[in-house]
Amino acid sequence: MGEKGHCECAQFLRPTIAHRILRGCPLAFLGLQKDDVQECAQNELVSLLKSKAVKAHPLSGAYVATLIKQIIKLADQNGVNIHDGLYECLGDAMAQPSDTAAYKHYVITSSIWIYCQESTAFVSHGTTGLKTWPAALFFIEWARGNKPPLLTSSSTLLELGCGTGLLSMTLAALWKPRCIISTDRSLEALLQCTSNCKLNGWNKLTLQYTLSPLPSVPDKLTVDPPFLQEKDDGCRCPEENGSLTLECDPSPLETNSHSILKRDIQDCDPSFKTSIEIQRLSWTDCDDNQMSVSQRADIVFGADIVFDLDIIPHLVEVIHTVLNHNKESRAAYIASTIRNPSTYANFVQAVQAYGLSYSELSRSSSVQDLVDDLSCPIVLCSITHPSH
């Protein structure tokens, strides 16, 4: 996607701070220190904010402006000169139109960098799925060093409540299963997930219309693996029962392993063949066509989907339906932020009422560097049949 480019290596701006800034970490959790506002660190922050990767997929202007003002204030308090480029970046951020698309850059590992367009609001377009929540990042921390015992290169994974698509894309890059089916009830979330997959290298998107209780809502979008093929930014509008095909110049998931700020545009790994299917699935009114995915899925996963008492019975029923197709070779992994202990206890009781086994997984061996807000506990559980 676009010309090759990079920004210089960081020697003074702490990696944890740089990574948090790139993913839009709330300033309350950023943890700025005196060393982070020294002139050399300011210079590297300016290089980061002016890098081609950030220019192509800008951070929120409001976030950057607030960040720079806090750095200037802290620098003044410590008698540190302010880098001229910092004022320039502040002006650019304040001048950014309010309707400019904002992105978050997630540095997952030294070789995986994913960016997502996200909403900054808790609820947008009637859904909470247009932003990444802490439990998804908690799941990713665990997944970097762990894999489900049942996972193979021929596995099909099913995500419930895919939202922005970050978790699906990350597990595709880390675990490399054959296929991931990303589902959500919200059309806005499905379109956002599709757009983010396109940004990160899945270069052929097909929107298929099928019969649905909601005929105006597409049930399924299929996203092919990120093979570098022909480039075509054009698109044609779909007709009823037709298809819309988009092809884009993909941007890879790779970063330079020696620099937290260097991002070279390069070809995707040809061995990376995970396909992603994006499909509408409503837990409360799913029909046989939508639930056909249950026969294909080997592993179910989701993050921050346990939050509504009224929805929990339907969620657990979907999980049970998937696991029931092959009791000995299927499992579910759900990460949840425990905002209300009684709500989560209700979820656990519903799981056990279906005769399923529930167990919590430890992340003691995982590098814990992605979750910024730990004000509420986060739990990752596995759900299986007792016969497993």
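# Notebook: contacts, rings and spaces in a predicted model

**Entry 1. The chain overall.** I began with the contacts in the chain: among those between residues at least 6 apart in sequence, 75% join residues at least 24 apart. The model I am reading is a predicted one. I recorded 11 helices and 12 strands for the chain. I then looked up burial, and found that buried residues make up 54% of the 388 residues.

**Entry 2. Aromatic pairs.** I searched the whole structure for aromatic pairs and noted seven. For phenylalanine 139 and tryptophan 175, I recorded ring centres 6.5 Å apart and planes at 55°, so I entered the pair as tilted. The angle falls in the tilted class because planes under 30 degrees apart count as stacked and those over 60 as edge-to-face. Phenylalanine 139 belongs to helix 7 and tryptophan 175 to helix 8 (residues 166–175), so this pair ties together parts that are 36 residues apart in sequence. I checked burial for both partners: phenylalanine 139 is buried, and tryptophan 175 is buried too.

I next examined the pair of tryptophan 142 and tryptophan 175, which is edge-to-face, with 6.2 Å from centre to centre and 80° between the planes. Since tryptophan 142 lies in helix 7 and tryptophan 175 in helix 8, I noted that this pair ties together parts that are 33 residues apart in sequence. Tryptophan 142 is buried, as is tryptophan 175. I also recorded one aromatic cluster formed by Phe139, Trp142, Trp175, Phe301 and Tyr333.

**Entry 3. Nonpolar cores.** Which residues touch the most other members of the largest nonpolar core? I found Phe139, Leu171 and Trp175 in that position, in a core of 41 residues. I then listed the contacts of tryptophan 175, not counting residues up to four places away in sequence: Phe139, Trp142, Ala143, Asn146, Lys147, Pro148, Leu151 and Leu157. Apart from the largest nonpolar core lies another core, of 37 residues, and I noted Ile17, Leu32, Tyr63 and Cys89 among them. As background, I keep in mind that nonpolar side chains tend to be buried together in soluble globular proteins.

**Entry 4. Leucine 157.** I followed the contact list of tryptophan 175 to leucine 157. Leucine 157 is found in strand 3 (residues 156–160). Is leucine 157 buried or exposed? I entered leucine 157 as buried, because its relative accessible area is 0% and the limit for buried is under 20%. Leaving aside neighbours within four places in sequence, I found leucine 157 in contact with Leu151, Trp175, Pro177, Cys179, Ile180, Ile181, Ile299 and Phe301. I looked further at phenylalanine 301: leucine 157 and phenylalanine 301 are 144 residues apart in sequence, and their C-alpha atoms are 7.4 Å apart in space.

**Entry 5. Threonine 343.** I turned to helix 11 (residues 341–353), where threonine 343 is found. Threonine 343 has a relative accessible area of 9%, so I entered this residue as buried. With its neighbours within four places in sequence left aside, threonine 343 is in contact with Phe307, Asp308, Leu309 and Ile312.

**Entry 6. The largest cavity.** How many cavities of 30 Å³ or more are there? I counted one cavity. About 50 Å³ of space lies in the largest cavity. I listed its lining as Leu13, Ile17, Ile21, Leu32, Asp36, Ala41, Gln42, Leu45 and Ile71. Helix 1 (15–22) and helix 3 (39–49) are the elements that give two or more residues to this lining. Helix 3 supplies the largest share, three residues. I sorted the lining of the largest cavity into seven nonpolar residues, one polar and one charged. Ile17 and Leu32, which line the largest cavity, are also among the residues of the 37-residue core.

**Entry 7. The second largest pocket.** I recorded a volume of about 680 Å³ for the second largest pocket. Its lining has 30 residues, and I noted Gly24, Pro26, Lys104, Lys131 and Thr132 as those nearest its centre. Helix 5 (61–77), strand 1 (103–109) and helix 7 (134–143) each supply at least two residues of this lining. Strand 1 gives the most to the lining, with three residues. I divided the residues lining the second largest pocket into 16 nonpolar, seven polar and seven charged. Helix 7, which contributes to this lining, is also the helix of phenylalanine 139.

Notes:
Residues numbered from 1 in each chain as written. Predicted model: local features only at pLDDT ≥ 70, side-chain atom pairs only at ≥ 80, totals over all residues. Heavy atoms only, no water. Helix = DSSP H or I, 4+ residues; strand = E, 2+ residues; numbered from the N terminus. Buried < 20%, exposed > 50% of the residue type's maximum accessible area, 1.4 Å probe, protein only. Contact = heavy atoms within 4.5 Å. 1 Å grid on protein atoms, 1.4 Å probe; cavity = no way out; pocket = protein on both sides within 12 Å on 5 of 7 lines; lining within 4 Å. Points joined across faces, edges and corners; volume = space filled by probe spheres on them. Nonpolar A, V, L, I, M, F, W, Y, C, P; charged D, E, K, R; others polar. Phe/Tyr/Trp six-rings, centres within 6.5 Å; stacked < 30°, edge-to-face > 60°. Core = buried A, V, L, I, M, F, W, Y, C linked by side-chain atoms within 4.5 Å.
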